[in-house]
Amino acid sequence: MKQALCLQHVPFEGPGVFRQALAARQYRIETLLVPQEDLPATPPDFLLVMGGPMSVNDSDPWIEKERQFIRHAIEAGIPVVGVCLGSQFMATALGGHVRPGPRLEIGPVPVTRTVDENADAVFGTFPREFTVFQWHGEGLTLPPGACVLASSEFYPVQAFRYGDRAYGLLFHVELELDGVEALCRECVTDVQRAHTTTEALLASAKTVLPECHRLADSLIAHLAS
């Protein structure tokens, strides 16, 4: 059985539905809390990089170590998927930049697909516009050599692909309802700053997450094939 490694940055942002999608493709998944645990010497067969409330621009020593680990994984050609903070790690590992965005995005946000099916086998099959679940205040610039897959009004790079096997998603496709509840509980200030409520976010998540999960499964199926 192949091994998938999930890099977490806080205990409450885990692999979500990626776990089931990988298990269905015969991957055994291991989670690692990067700020507290050492990274392995070599990359796994599949790498997930999850979200977190910190910034890739912070000065903590583990951040640069993780950035280099991700770069080596991408260079080795293994499948890599980064979500939210994970996509920002990927972007900076590949020469892009991360900066504060024009507004905090929390909850459902429409994005526009920027590629057709010939350009990307995953995003090209989705509607031209679809709604995803967001939780971020920083955006990223496209790394050299990468391709934009989805964009939004305030964040021009919502998803990108580097090569054939590395995908960065600024939005969350992996979240389940308990994951949304955890974010609301652990990031109360963000909820207040976004002028919303836990109840409103949970209600809207129920309508948005099924499409997000379909994208998550399609992405894993494509990369695991």
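## Helix contacts, pockets and two unusual loop residues

Reader: I'm new here, so let's begin with helices H2 and H3. Which residues of H3 does H2 meet?

Author: Welcome! This is a predicted model, and the H2 side of this contact is made by Trp 62, Ile 63, Glu 66, Arg 67, Ile 70, Arg 71 and Ile 74. Across from them, the H3 residues are Phe 89, Met 90, Thr 92 and Ala 93.

Reader: How many residues in the contact of H2 with H3 are nonpolar, polar and charged?

Author: Glu, Lys, Arg and Asp count as charged, and the contact of H2 with H3 holds three charged residues. Beside these there is one polar residue, and the nonpolar ones number seven.

Reader: How are H2 and H3 oriented to each other, roughly parallel or roughly perpendicular?

Author: The axes of H2, residues 61-75, and H3 come within 9 Å of each other. They cross at roughly 75°, and angles from 65 to 115 degrees count as roughly perpendicular. H2 and H3 are therefore roughly perpendicular.

Reader: What about H4 and H6: are they roughly parallel or roughly antiparallel?

Author: Helix H4 spans residues 177-186 and helix H6 spans residues 198-224, with their axes 10 Å apart. The two pack at an angle of about 150°, and angles over 145 degrees count as roughly antiparallel. That angle makes H4, relative to H6, roughly antiparallel.

Reader: Which residues of H6 does H4 meet?

Author: From H4 come Leu 177, Val 180, Glu 181 and Cys 184. The residues of this contact divide into seven nonpolar, one polar and two charged. On the H6 side they are Thr 198, Leu 201, Leu 202, Ala 205, Lys 206 and Leu 209.

Reader: Moving on to empty space, which element gives the largest share of the lining of the largest pocket?

Author: The largest pocket holds about 350 Å³ of space, and 19 residues line it, with Gly 52, Pro 53, His 136, Gly 137 and Asp 190 closest to its centre. Two or more lining residues come from each of helix H3 (85-93), strand E5 (98-113), strand E6 (129-140) and helix H5 (188-193). The largest share is four residues, and it comes from E6.

Reader: And which element gives the most to the lining of the second largest pocket?

Author: That pocket has a volume of about 200 Å³. It is lined by 13 residues, and those closest to its centre are Arg 103, Leu 104, Glu 105, Ile 106 and Val 109. By class, the lining has six nonpolar, three polar and four charged residues. The most, six residues, is given by E5.

Reader: Finally, the loops. Where does Gln 26 lie, and what is its phi?

Author: Gln 26 lies in the loop between helix H1 (18-24) and strand E2 (27-33). Most residues other than glycine have a negative phi. Gln 26 has a positive one, near 70°.

Reader: What is the phi of Cys 84, the residue in the loop between strand E4 and H3?

Author: The loop that holds Cys 84 runs between strand E4 (80-83) and H3. Cys 84 is a residue other than glycine with a positive phi, near 55°.

Technical notes
Residues are numbered from 1 along each chain as its sequence is written. This is a predicted model: local features need pLDDT of at least 70, side-chain atom pairs count only at pLDDT 80 or more; totals for chains, interfaces and linings use all residues. Side-chain values use heavy atoms; hydrogens and water are left out. Axes are lines fitted to C-alpha atoms, for helices over the stretch in contact, and angles run from 0 to 180 degrees between N-to-C directions. Angles under 35 degrees count as roughly parallel, over 145 as roughly antiparallel, 65 to 115 as roughly perpendicular and the rest as oblique. Contact means heavy atoms within 4.5 Å. On a 1 Å grid over the protein atoms alone, a cavity is a set of points where a 1.4 Å probe fits but cannot get out, and a pocket is an open set with protein on both sides within 12 Å along at least five of seven lines; lining residues have an atom within 4 Å of a point. Grid points are joined across faces, edges and corners, and a volume is the space filled by probe spheres set on the points.
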